[in-house]
Amino acid sequence: KETAFRLTPIPLTQVRSFALGAVNLTEVPQLDPDDPKVEAKVSKVLEEKVRLLIHDAREQRQELLEAAKAEGNVLAKYYMDGHPAKGRSPLHNVVQKQDEVLVRLKVDHTGFSAMNNQ
């Protein structure tokens, strides 16, 4: 008999995806702090980075749901089949809009003027 504590990982299906990223503007080659249109270019770079983070998070969520379904998780089937008719979920409360991703992007704008990119 083993006395060691053993953890069994369980794929979670009731959480919204979260993506975390960082961008250092001085490392982006197409950005020049002295360019008069730098704010528009920075916005475009940041928008593309956010889109990439969202895409990656959605792919990762799909992989996690497939793994959970393979392990017999009942909720994974519910989420993978989309939003079936209300009341078919084994839970009273379920994550609505599970395809939406929470994103946090840290931007190091050292050398660039202060900008408000939200």
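Is aspartate 56 buried, partly exposed or exposed, and what is the relative accessible area of this residue? In this predicted model, aspartate 56 comes out as partly exposed, at a relative accessible area of 37%. That value falls between the 20% and 50% cut-offs, so the residue is neither buried nor exposed in the strict sense. Aspartate 56 sits in helix α1, which covers residues 38–70. Together with Glu59, Glu63 and Glu66, Asp56 forms a negative patch on the surface.

Stepping back to the overall fold, the protein chain has two helices and two strands. Read from the N terminus, these elements follow the order β-α-α-β. The chain counts 118 residues, and 27% of them are buried.

As for the interior, the largest nonpolar core holds 15 residues. Those touching the most other members are Val23, Leu25, Leu31, Val42, Leu46 and Phe112. Strand β1 (18–24) and helix α1 each put in at least two residues of this core. The top contributor is α1, with six residues.

The surface also has a nonpolar side to show. Phe18, Leu20 and Leu102 make a nonpolar patch there, with an area of about 330 Å². One of the three, leucine 102, belongs to strand β2, which spans residues 102–108. Its relative accessibility is 46%, so leucine 102 counts as partly exposed. A patch member needs over 30% relative accessible area, and leucine 102, at 46%, meets that cut-off. Aspartate 56, at 37%, also meets it on the negative patch.

Note on methods:
Residues are numbered from 1 along each chain as its sequence is written. This is a predicted model: local features need pLDDT of at least 70, side-chain atom pairs count only at pLDDT 80 or more; totals for chains, interfaces and linings use all residues. Side-chain values use heavy atoms; hydrogens and water are left out. Patches are made of residues with over 30% relative accessible area and no salt bridge: like charges are joined within 9 Å, nonpolar side chains (Val, Leu, Ile, Met, Phe, Trp, Tyr) within 5 Å. Accessible areas come from the Shrake-Rupley method with a 1.4 Å probe; for residues, only the protein chains shown count as cover. A salt bridge is a side-chain nitrogen of Lys or Arg within 4 Å of a carboxyl oxygen of Asp or Glu. Lys and Arg count as positive and Asp and Glu as negative; His and the chain ends are not counted. The place of a charge is taken as NZ of Lys, CZ of Arg, CG of Asp or CD of Glu. Helices (H or I, at least four residues) and strands (E, at least two) are DSSP runs, numbered from the N terminus. Buried means under 20% relative accessible area, exposed over 50%, partly exposed in between (1.4 Å probe, protein chains only). A nonpolar core is a set of buried Ala, Val, Leu, Ile, Met, Phe, Trp, Tyr and Cys residues joined through side-chain atoms within 4.5 Å.
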